[in-house]
Amino acid sequence: MSALDGIRGLLLDMDGVIYRGPQLLPGVPAWFDFLRTQGIPFVLVTNNSSRMVQQMSAHLAHLGLTIAPDEILTSAQATALYLQEHAPAGATVLPVGHEGLRTALYEAGFTLVDAGPADYVVAGVDWQFKYDTIKRAGQAIRAGAAFIGTNPDRTFPAHGEIWPGAGTMLAALTAYTGVEPLIIGKPALPLIELALNRLHLAPAQAALVGDRLETDILAGQRAGLLAILVLTGVTQRADLATTDIRPDLVFQDLTELRQAWPSDA
Ligand SMILES: [Mg+2]
C-alpha cells in the first residue's frame, strides 16, 4: 500500500522540479514519457507571472521537452481565470506587470486601464516598477479597487543572484495603501483549485510535486493534495529538520518518484 495508490493526476512545479536555470534536470524527458504512457494527466503550475503559457511552452521546447500550452498554468493565467469567475462583466483592471499578465487579462475579456478608477488592481512582477507605478496603482486601490496579487514571492533566484519578486512590489503597494492583496499563486489556493478543475479531480485524487516547502508543499497541504517534495531545487534534506512544514513524501528527484509509482499490473 502506497500513499501514491489513489493518485490520478499531478500538479508539477516547474523551476527546481523540471529545470534549473537553462537546463532540464536529469530524467525529466523519461518522467513525462512515463506520465503520457500511463495516461496520468498533469498540469505544470508556476508562480511565474511574467511569461505567457505559449512562451513557457516554447521555452520548454527549446530545452527539449514537448509540453502543450494548455498543460501549463501560470499565476498570471490563474489570476485571469479567477477574475473571470468572480468579477462582474465589463470590469476594469489596472495591471502592474508584464506581458504574461497583461495578455492573460486582455484575453480573458477585461478592459485594461493605466490609471484609476478601476475595479481591480492586479499586480505581479514588473521589471519597470517605479514611483509612478506605486502612485497610479496605489491611488486606484485607495479609491476602492480590489487588490489582487499574482504570487507572494518576495524574491526569486536568477543568474546566481537573488532578485526582487512580485511580493516586493505588492509590499510597496501595501505600504502605500494599507491594503493587503488577495493572493492567487502558491501557497494560496486559487491557482491549485484552478489546476484541479482543469484535471477534473478532487484534491484527494491529486498530488503536488514541488521543491519549496513554504510555497509548493504548504499549498498542497492546505488544498488537501498529497504533497511531494523533490530535492532538485531550493530545499535540501537537512532543511526538513528545521521546519514545521512536513511533506507527505520526499524523493531525490522525479526518477526516484517514477520508480516508486505503483504499477497497475
Ligand atoms: Mg520551484
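**Exercise 1. In this predicted model, decide whether H159 is buried or exposed, and describe its backbone setting.**

Solution. Begin with the count of neighbours: 6 other C-beta atoms lie within 10 Å of H159. A residue is exposed if that count is 12 or fewer, and H159 is therefore exposed. Next, locate the residue in the chain, where H159 is found in the loop between β10 (155-158) and β11 (161-164). Finally, examine the backbone torsion: H159 is not a glycine, and yet its phi is positive, at about 50 degrees.

**Exercise 2. Carry out the corresponding analysis for H200: what is its phi, and is H200 buried or exposed?**

Solution. The phi of H200 is positive, about 55 degrees, although H200 is not a glycine. The residue belongs to the loop between α7 and β13 (206-210). With 10 C-beta neighbours inside 10 Å, H200 counts as exposed.

**Exercise 3. Determine which residue precedes P117 across a cis peptide bond and which precedes P187 across a cis peptide bond, and place both prolines in the fold.**

Solution. For P117, the preceding residue is G116, and the bond from G116 to P117 is cis, with omega near 0 degrees. P117 sits in the loop between β7 (111-112) and β8 (120-123). For P187, the preceding residue is K186, joined to P187 by a cis peptide bond whose omega is about 5 degrees. The loop that holds P187 runs between β12 (182-183) and α7 (190-199).

**Exercise 4. For the open sheet of six strands, establish the strand order, identify the edges and describe the helix α8 that packs on the sheet.**

Solution. The order is β5-β4-β1-β13-β14-β15, and the pairing is parallel. At the edges stand β5 (72-74) and β15 (249-251), each of which has a single partner strand, so that one side of each is left without a neighbour in the sheet. On average, and with direction ignored, neighbouring strands of this sheet are turned by 25 degrees against each other. To follow one pairing in detail, take strand β1 (residues 9-12), which runs parallel to strand β4 (residues 42-46) and is joined to it by three bridges; among the residues concerned, L11 has V43 in β4 as its bridge partner. Helix α8 (residues 213-223) packs on this sheet, where it touches β13 and β14 (226-230), and its direction makes about 170 degrees with that of β13.

**Exercise 5. Repeat the analysis for the open sheet of five strands, and name the strands that the packing helix α4 touches.**

Solution. The strands follow the order β7-β6-β8-β9-β12, with parallel pairing. The edge strands are β7 and β12, each pairing on one side only. Within the sheet, β8 runs parallel to strand β9 (residues 146-149), and four bridges join the two; V122 stands opposite I148 in β9. Helix α4 (residues 99-107) packs on the sheet and touches β6 (92-96), β7 and β8, while its direction makes about 165 degrees with that of β6.

**Exercise 6. Characterise the surroundings of T177: is T177 buried or exposed, and which residues does T177 touch beyond four places away in sequence?**

Solution. T177 lies in helix α6 (residues 166-177). Around T177 there are 20 other C-beta atoms within 10 Å, and since a residue is buried at 20 or more, T177 is buried. Leaving aside residues up to four places away in sequence, T177 touches G138, I141 and R142. For one of these contacts, I141, the C-alpha to C-alpha distance to T177 is 6.8 Å, although the two are 36 residues apart in sequence.

Methods: Residues numbered from 1 in each chain as written. Predicted model: local features only at pLDDT ≥ 70, side-chain atom pairs only at ≥ 80, totals over all residues. Pairing = 2+ DSSP bridges. Axes fitted to C-alpha atoms, helices over the stretch in contact; angles between N-to-C directions. Contact = placed C-beta atoms within 7 Å.
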